[in-house]
There are 2 protein chains.
Amino acid sequence: MLPPFMTEYSIGLDLGGTNLRAAAIDRTGSMLGSVSGRTAYSAGREAIVSEMAEAIAALRAQLGPSGLAGIGVAVPGFIALEKGIILNSNNLSSLENFPIRDELSTRLGAPVILENDANAAALGEKWIGAGRSVNDLVMLTLGTGVGGGIITGGRILHGYLGMAGELGHITVVPNGNPCGCGNRGCVEKHASATAVTAMAKLLGLGDSMSAKDVYDLALAGNEKARIIFESVGESLGIALATLINAFNFPLFLIAGGVIAAWDLFAPAMFAETRRRSFTFRTTDTRIERAELGNQAGLFGAAYLPWAGI
Amino acid sequence: MLPPFMTEYSIGLDLGGTNLRAAAIDRTGSMLGSVSGRTAYSAGREAIVSEMAEAIAALRAQLGPSGLAGIGVAVPGFIALEKGIILNSNNLSSLENFPIRDELSTRLGAPVILENDANAAALGEKWIGAGRSVNDLVMLTLGTGVGGGIITGGRILHGYLGMAGELGHITVVPNGNPCGCGNRGCVEKHASATAVTAMAKLLGLGDSMSAKDVYDLALAGNEKARIIFESVGESLGIALATLINAFNFPLFLIAGGVIAAWDLFAPAMFAETRRRSFTFRTTDTRIERAELGNQAGLFGAAYLPWAGI
């Protein structure tokens, strides 16, 4: 128990798609301090790990060690939770098969809770975002890839090795685009920002268009660009129908940068889900946008020490 | 607490694909008595409901009401658990949107627990079958359709309306065979006994072949018949990869009459799952045959009163 004048806080770190962010957050979700990293991931393992440890240490020094409830770290990829290791990560191959959790813990002299970034984001939304009214939800985060997180009974579903929730690798096109996981036609390869730009290239819209460029083209009435977002919606609908049929949870959240294009992909997504899921058609199951934007993983990481894992 | 000379027992009833079976079963899984129904489902609702109530009443009379722990009833289809209603059932349309649970309860003067048959079967395997060593498993039952059951923490995953576990409606071929649920390409339409006979017809093997006939043909070396079971295995592999990626449970069980053809479909199923699931390829996740045969649902139904739902 802390004396009343001292605020209990937690430090969360989110190793996102391009750089890291860390924050000290109190139990009510107020951010007490934050740090953004500047290290390019291409700088290699030691540079990344050093910056992670330094960001956390700086926040701890700023707020004082006595109020610190714990440290949560969110990283992309398939995680072996018990071992604290990233087994496979398309964007962070330099950290694969390295004991990242124990290394951080040693450098900081404090326990660290490791979590998959999409799981952490789902937990963040459950805590203080679009999922705060329910105890069971599934979230798909559409970014460079597609991440998945499953919250059941208010807690992250981990599975026996901590690898559960890899929903970006649901097959939506059996002979579709190849994926780094070894599969073909993963929803990640048909409904992520990367998929949007790849489809733009295939349709001759341009070789170096961003997902935002394709979005602007679609808004301007370009038919090919519109079809790309319809395709994203259909792929999401196939995955969502499977998830709704399997889980029968009350809420399914869509998160990530691609939801800026919600109006373009959502009609096809809802139509496809309705067509493919009896449960969705006949119940009040909700599919909604997440609320915390790119801070969901950061909030979720900070909540990990309080989540009772 | 019962006096020591009196055995505590439960009555389970499984409304299977063709007729009903009921049994009185004790806490150790010993069957103390059983009844098989003879009513054709085409005889209509009143005939079916009467026979269900009579079968349960006969077992209760035989064993004495004082040792009865409870009554569990397993039925096929999408169930609204809280309301005790079958919303949609391809094989039992006469029972759709009828308060089957409350009607049985009224006729018997005792509470009745209703459950989806595939959920009950998964619970039965968890209790005294192939899943008894784990607390988390997913089971696919390949029969007339494909049923699904998810056991987490030793209990059935129900979702917020009791409709979870509808894994037979996972899409494995986006523009595949139409399904009664409204979808196309459900695994149920590509890996059930019904799918085997439909494929035999499409390949010109015969218009009225049973799945067993196709199996015998395949064993005798018929190439088309072999391809049918390979196709079953591939469809199962797509569904299993999605389930393994989502749940990361230690055990996935395949049950139902079609597992008699395990040697014919399992190689393609394992190859497809391995190819499509990073988690399966890199861990000791097991895919195995269920053990209780067509009695899994009956045992699971009987276990419902003890399952703490």
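This is a short tour of a predicted model with two chains, A and B.

**Stop 1: the sheet of chain A**

Start by selecting the strands of chain A. Five of them form an open sheet in the order β3-β2-β1-β4-β7, and the pairing is mixed. Now colour β3 (31–36) and β7 (113–116) of chain A: these are the edge strands, and each has a partner on one side only. As you turn the view, look at how neighbouring strands lie: on average they are turned by 20° against each other, direction ignored.

**Stop 2: β4 and β7 of chain A**

Next, select residues 68–75 of chain A, which make up strand β4. How many bridges join β4 to β7(A)? There are four, and the two strands run parallel. Show A:Ala74 as sticks, then find A:Glu115 in β7(A), which stands opposite A:Ala74.

**Stop 3: two helices on the sheet**

Add helix α3 of chain A, residues 117–128. Helix α3 packs on the sheet and touches β1 (9–15), β4 and β7 of chain A. Its direction makes about 95° with that of β7(A). Then add helix α10 of chain A, residues 296–303. This helix also packs on the sheet, touching β1, β2 (20–26), β4 and β7 of chain A. The direction of α10 makes about 135° with that of β1(A).

**Stop 4: a visit to chain B**

Move to chain B and select β1 (residues 9–15) together with β4 (residues 68–75). These two strands of chain B pair in the parallel sense over six bridges. For a detail, show B:Asp14 and B:Ala74: B:Asp14 stands opposite B:Ala74 in β4(B).

**Stop 5: where the chains meet**

Now show both chains. The contact takes 37 residues from chain B and 37 residues from chain A. On the side of chain B that touches chain A, the elements giving two or more residues are β6 (85–88), α7 (223–247), α8 (262–276) and α9 (278–282) of chain B. Which element gives the largest share of that side? Select α7(B), which gives six residues. If you colour this side of chain B by residue type, you will find 19 nonpolar, 13 polar and five charged residues.

**Stop 6: how the copies are related**

Finally, zoom out. A turn of 180° and a shift of 0.0 Å along the axis lay chain B on chain A with an RMSD of 0.0 Å. That is the relation of a two-fold axis. Why do the copies meet through the same surface? They do so because 100% of the interface residues of chain B are also interface residues in chain A.

Technical notes:
Residues are numbered from 1 along each chain as its sequence is written. Chains are lettered from A and ligands numbered from 1 in the order in which they are written. This is a predicted model: local features need pLDDT of at least 70, side-chain atom pairs count only at pLDDT 80 or more; totals for chains, interfaces and linings use all residues. Two strands pair if DSSP finds at least two bridges between them. Axes are lines fitted to C-alpha atoms, for helices over the stretch in contact, and angles run from 0 to 180 degrees between N-to-C directions. Two residues are in contact if their C-beta atoms, placed from the backbone, lie within 7 Å. Ala, Val, Leu, Ile, Met, Phe, Trp, Tyr, Cys and Pro count as nonpolar, Asp, Glu, Lys and Arg as charged, and the others, Gly among them, as polar. Copies are superposed by least squares on the C-alpha atoms of residues with pLDDT of at least 70 in both.
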